[in-house]
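Here's a casual walk through the strands and helices of this one. Have a look at the fold before reading on.

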Amino acid sequence: MEFLKRKKKPSFEGGGLVLFRDVQDAMKAEKALKGAGYEVKLVAPPPTLRKGCDLAVEVNLVEQPGIERALKEKDADYVSVVPLGTGSLELLRVVKVTDFGKWVMVKAGNMKLTFDKESGIIVNTSGGGCPDIPHLHAELIDKGLTETPHPRDIGFTLCALMLDRAFEESLALWQEER
Amino acid sequence: MLIAGTVPIKSLPLITGEVRADGGYLVVDGYRIPCTQGTAAMVSAALAATNYLNIEPPQALIAGDIGQGEGSRAIYEYLIQNVSRLSPDVLVLHYCLPIITLMRRLCESVERCARKPIMIADASSMYAAKAAGLASRFDIFTPDAAEMAFLADPDATHPAYIARHLFDADIAQTPNLVAAAYQHKNAARLLLVKGTVDYVVSNESIVATISEPNVPELEAIGGTGDTITGLVSALVHAELELHEAAIIAAKSNRMAGKFAQATPATRVWQIIEQIPSVFKEYLCEWSGVCCVKGGYGDD
């Protein structure tokens, strides 16, 4: 019979967990995120990641900044967002700076931002591969470091978060020179 | 050749069709798309190459997405349903939100193709393939140095969460990262690692390194990694061996940067517009293909 042949719906694999202090917070967050259009799933966190309650929300880790913004907008309390698995739990914090004379390139993780030393105008962003990166490229180019919105406020993915690190470092470098 | 990826135009629906250039724009299915960083730069570079080689231009599958995933999901679902029917010789996956379950379903659909396409992934499609444990199903990945560290880290699901000691690795450590990526089955059959020195790795062996011309400014220019992927895709579509295509793509991109007299403020379209001149001067020397005539569009 046809219904017996129906394929099992693929289970969601997001690679990230939102951790909470209590079960009510987790359930509120799940509802808020689903309402915002995110694919999420209530799960039990592994023992090593328990922060208080036995319920977490599995999310697509790459969407971390958008998810954190949605939770804050809905006043949904959470402890942290962490990757599942045995790898690094910390976002990469290494920043490298390259001096091109008239311009400076700041690299954070896989993202780079280059600005004009004199004017503070962003002349290029590069690296990354998430769909908000070309959007951020278009939003940031030709704007001053003090005039443009911060990448983490208009981006949705981990690439945007790394670009925000490069942006913050660039802003600090430029303001030090003023 | 079918190139699939998103562009940062939120209102753009899922579109598909043959690509053509019109000034600084790509035209697909009647829609005009500016040539900027990302899938548009990649398609533009591929189109510049196919136009020069006088072969069939790329087909594109494009949707608008600014990071919220709607366009990415539409692309995945369309490919899952239609890749067997479309049966491209080369399938290039580019800027799409990494969604592991959809990447798995897409790879299952590709396995059902009567003729398996040459599979190329860059950007977040490469992240999804690695995170899903499907890297070895792909023929070519084109990571930059940070992304190579990501492929080498067996536990990372995104380059933002790689182990610091891997990220700190100098480009000279690329061979070690490559070996780790293959050991954990997180590499495609061929890797073109883009960096100060470009590495071409075929079946776990480094077959070429390219470091000239040295144009360090290219790293700052958004889209210059995308153009390499577009070039290698077009050259594979032109039936070059994968490693030959990768070597010529890397050389061509560097030379296009030199021809454009690139600065960190140069835009990617200024690099792309140099590709025909680079091919005209060097393609014969680099490939042995010295006469391009006839082909696509001829009666």
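Chain B has an open sheet of eleven strands with mixed pairing, in the order S4-S3-S2-S5-S1-S6-S7-S8-S9-S10-S11. Strands here are DSSP E runs of at least two residues, helices are H or I runs of at least four, and both are numbered from the N terminus; two strands pair if DSSP finds at least two bridges between them. At the edges stand S4 (31-34) and S11 (205-210) of chain B, each with a single partner strand, so one side of each has no neighbour in the sheet.

This is a predicted model, where local features need pLDDT of at least 70, side-chain atom pairs count only at pLDDT 80 or more, and totals for chains, interfaces and linings use all residues. Residues are numbered from 1 along each chain as its sequence is written, chains are lettered from A and ligands numbered from 1 in the order written, and side-chain values use heavy atoms, leaving out hydrogens and water.

Two strand pairs, side by side:

| Strands | Sense | Bridges | One bridge |
|---|---|---|---|
| S1(B) (residues 2-7) and S6(B) (residues 90-93) | parallel | three | B:Ile3 with B:Val92 |
| S7(A) (residues 111-116) and S8(A) (residues 122-127) | antiparallel | five | A:Phe115 with A:Ile122 |

Over in chain A, the hairpin of S7(A) and S8(A) has five residues between the strands, and A:Gly120 takes a positive phi near 75 degrees there. Six of the six residues of S8(A) are buried, so this strand is largely enclosed by the rest of the structure; buried means under 20% relative accessible area (1.4 Å probe, protein chains only).

Notes:
Buried < 20%, exposed > 50% of the residue type's maximum accessible area, 1.4 Å probe, protein only.
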